[in-house]
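Me: I have a new structure to look at. Could you take me through it?

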Amino acid sequence: MLGPDSTHDPALRSWVESANDPLTDFPIQNLPFGRFRTHGSEPWRIGVAIGDQVLDLKLAAELCPWPARISDFLTPLAAGDLASFMAQGMRPRRALRAALSAALAEGSEQGPFLELCLVPMAQARMSLPCTIGDFTDFCTGIHHATAMGKLFDPQRPLSPNYAWLPIACAARASSLQPSGSGVRRPWGQYRLPGRDEPVLAPTRRLDCELELGVLVGVGNAPGEPKTMEQAEEDWFGLVLLNDWSARDIQAWESQPLGPFQAKSFATTISPWVITREAFEPFRVPFERPGGPPPMAYLDSPLNRVAGAIDIGLEVLLQTAAMRERGQEPVRLSHCRTTEAAWWTIAQMIVQHTLNGCNLRTGDLLGSGALSGPRPEQGGSLLELSAGGWQPLILPDGETRSFLLDGDCVILRAVCERRGARRIGFGSCVGTVEPAPHVPAA
């Protein structure tokens, strides 16, 4: 952990004027990466978000003078290959960040060249940031885990192992999709109240889950677990993640192995990867109330002092009726990672590799739903509606226990701290679409 440097200076301004707006998610202190193109016939390339613009790194590599070392770092990015850059590790990340920060700062000699490399963000069509080979979903949100556990066993909502290790399950990478994609209501088996036999039908209890996603930068060889120090250096960045869930299907299929089709139909992630380095001013001590201290392999001096990141999270909803009337989305809930997460990113990575499992560049680790300690801070509708028994009343009089067709869910996140420039993630957006035709008999 090297701490904040000149790229985090809150007084730093950019010649891209929109990046100086105090409300932008993408000031010069952020500089996240994403994969984009402006129309369907051109190849994908990597860009950096700056204000309401995207710096096209392919054009930046071609039109702007750079030191030889920085040119080497830009080569895979210019080719649209974020993963190859991610695999190079922390030092190239920090070096390129410093070079981009200097080039985008007011008074930069490279500014006239890079002005030719900007694309309005409104014209950028975003994809997944890189190829994601594997996806693991953890359950680090203790308040969500407790709320879910109470539905099955009110007297003992948390399993005995929860306080001792980061719990996770294998998830489905093939159904990951970028923000803005539609989400088809899934079919599945589930049991209706008062019936012994299940029905086959579209889910009636479609839900969202507010999560963060960690993208692995440097992997590990099979049989070689990572240490806490290695894990802290080797994650690349964070995205917002919506782990769409069919709660009725989940309740029926989750005994004894856990959710399968209830979660494998779609997972949405935000398009901009906020790099590990951008979070330096927002690192805080790893603290949690109660419970045993972590075992030695899940502990380190650095993790105790600055293992957590203070991020504000929120879930918003815009119904089809609201959209037709031109009404803005309404906020359903909000919380902070510091009150929601029982485990840190480094602990998740270390636990994943403990048995020798090899993580690879671009693998995605979900945090699990992040909820605050109060009922109104739930990261899912299941929590906010008390299992569906207490529907939410929206400002226009509509009610929701679970999502209806046409509902649009928006996840947002920002980091704010005195003495630091506010940075954000952008939005993670998904709209519920009707179920497809009846599955063949």
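Reply: The turns below go from the overall form to single residues.

Me: What kind of model is this, and how are residues numbered?
Reply: This is a predicted model, in which local features need pLDDT of at least 70 and side-chain atom pairs count only at pLDDT 80 or more, while totals for chains, interfaces and linings use all residues. Residues are numbered from 1 along each chain as its sequence is written, and side-chain values use heavy atoms, with hydrogens and water left out.

Me: How many helices and strands are there?
Reply: The protein has 13 helices and 26 strands. Helices (H or I, at least four residues) and strands (E, at least two) are DSSP runs, numbered from the N terminus.

Me: Why is the protein called as compact as a globular protein of its length?
Reply: Its radius of gyration is 22 Å, close to the 22 Å that the globule rule gives for 441 residues, so the protein is as compact as a globular protein of that length. The radius is taken over C-alpha atoms, and the rule is 2.2 Å times the number of residues to the power 0.38. The C-alpha trace spans about 70 × 55 × 45 Å along the principal axes.

Me: What share of the residues is buried?
Reply: Of the 441 residues, 57% count as buried. Buried means under 20% relative accessible area, exposed over 50%, and partly exposed in between (1.4 Å probe, protein chains only).

Me: And what about contacts far along the chain?
Reply: Among contacts between residues at least 6 apart in sequence, 74% join residues at least 24 apart. A contact means heavy atoms within 4.5 Å.

Me: Moving on to rings: how many aromatic pairs are there?
Reply: The count comes to 6 aromatic pairs. Rings of Phe, Tyr and Trp (its six-membered ring) pair if their centres lie within 6.5 Å; planes under 30 degrees apart count as stacked, over 60 as edge-to-face and the rest as tilted. One of the pairs is F33 with F236, which is tilted, at 6.1 Å centre to centre and 40° between the planes.

Me: Where do F33 and F236 sit in the chain?
Reply: F33 is in strand β1 (residues 33-37) and F236 in strand β14 (residues 235-242), 203 residues apart, and the pair thus links distant parts of the chain. Both F33 and F236 are buried. Ring pairs also join F33, F85 and F236 into a cluster.

Me: Which residues of helix α2 are buried?
Reply: In α2 (residues 68-78), they are I70, F73, L74, P76, L77 and A78. These buried residues pack against β1, β2 (45-50), α1 (57-63), α3 (82-86) and α4 (90-104). After α2 comes G80, with a positive phi near 85°.

Me: Now W164. Where is it, and what does it touch?
Reply: W164 lies in the loop between α6 (142-152) and β7 (168-171). W164 touches P292, P293, M295, L298 and W343, leaving out residues up to four places away in sequence. At 40% relative accessibility, W164 counts as partly exposed.

Me: Which residues have unusual backbone geometry?
Reply: Most residues other than glycine have a negative phi, and most peptide bonds are trans. L31, in the segment before β1, has a positive phi of about 60° although it is not a glycine. A386 has a positive phi of about 55°, and is found in the loop between α13 (381-384) and β23 (392-393). A cis peptide bond joins Q255 and P256, with omega about 10°.

Me: Is L31 buried or exposed?
Reply: L31 counts as buried, at 4% relative accessibility.
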